[in-house]
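Here are a few notes from my pass through this one. Have the structure open while you read.

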Amino acid sequence: MKRASPKISRVGQGARLTLESIPTDERVLAYTAGLFDGEGCIVTTDLQAKNKYKKHVRWGCRIGMTHEPTIRWLIATWGGKLYTEKPGPPRKPKYVWDVHGHLNCAALLSAIRPFLITKAHRADLALSQLRPYVDVLIRLTQVNTTGRL
């Protein structure tokens, strides 16, 4: 029996994460890291750039589950986007929190990294690739707070 593909819809606009917008409460960081360890993933997508010989990599961090209030809490706390997948009966709808972009992923992973256990190695690999963007994020924050680099 062939299953119908799920219907995916997107709700809301994404918010950029900055060092000022990242929660500082350790309980929030640890809870987010626990959700990410259990239900999250780090994704990269190769996109064709305008120049056909260059490829652009898009980074994303996602957490997906069937409990909508938890996903809405992540969006209210961190920003990002909500995607819903409705696979049809008897399955429940799946809600996906999506944070994408080099700076956003670097900010999220840097904040929750001390609390990650099972996905710590993957986060370290991603952060090593995103290190130049982490440096840019820190410098932009310094510019925004002091007016100069």
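1. A term to settle before the cysteines: a residue is called buried when its relative accessible area is under 20%, and partly exposed from there up to 50%. Bear in mind too that this is a predicted model.

2. Cys-61, then, is buried because its relative accessibility is 1%, whereas Cys-41 comes out as partly exposed at 30%.

3. How many disulfides are there? The count is 0, with a pair of sulfurs needing to lie within 2.5 Å to qualify. For Cys-41, the nearest cysteine sulfur belongs to Cys-61, 8.1 Å away. Cys-61 has the sulfur of Cys-105 as its nearest, at 3.5 Å, and is in no disulfide either.

4. Now the inside. The largest nonpolar core has 31 residues, and the members touching the most others are Ile-63, Ile-71, Trp-78 and Trp-97. At least two residues each come from H1, strand E3 (55-65), H2, strand E5 (94-100), helix H3 (102-112) and helix H4 (120-146). The top contributor is H3, with 7 residues.

5. Take Ile-71 from that group. Skipping neighbours within four places in sequence, Ile-71 contacts Ile-63, Met-65, Leu-82, Tyr-95, Val-96 and Trp-97.

6. On aromatics, searching the whole structure turns up 1 pair. Tyr-31 and Trp-73 meet edge-to-face, 5.3 Å centre to centre with 75° between the planes. The two sit 42 residues apart, Tyr-31 in helix H1 (residues 26-39) and Trp-73 in helix H2 (residues 68-78), and link distant parts of the chain.

7. Is that pair's tyrosine buried or exposed? Tyr-31 is partly exposed at 41% relative accessible area, and Trp-73 is also partly exposed, at 30%.

Notes:
Residues are numbered from 1 along each chain as its sequence is written. This is a predicted model: local features need pLDDT of at least 70, side-chain atom pairs count only at pLDDT 80 or more; totals for chains, interfaces and linings use all residues. Side-chain values use heavy atoms; hydrogens and water are left out. Rings of Phe, Tyr and Trp (its six-membered ring) pair if their centres lie within 6.5 Å; planes under 30 degrees apart count as stacked, over 60 as edge-to-face and the rest as tilted. Helices (H or I, at least four residues) and strands (E, at least two) are DSSP runs, numbered from the N terminus. Buried means under 20% relative accessible area, exposed over 50%, partly exposed in between (1.4 Å probe, protein chains only). A nonpolar core is a set of buried Ala, Val, Leu, Ile, Met, Phe, Trp, Tyr and Cys residues joined through side-chain atoms within 4.5 Å. Contact means heavy atoms within 4.5 Å.
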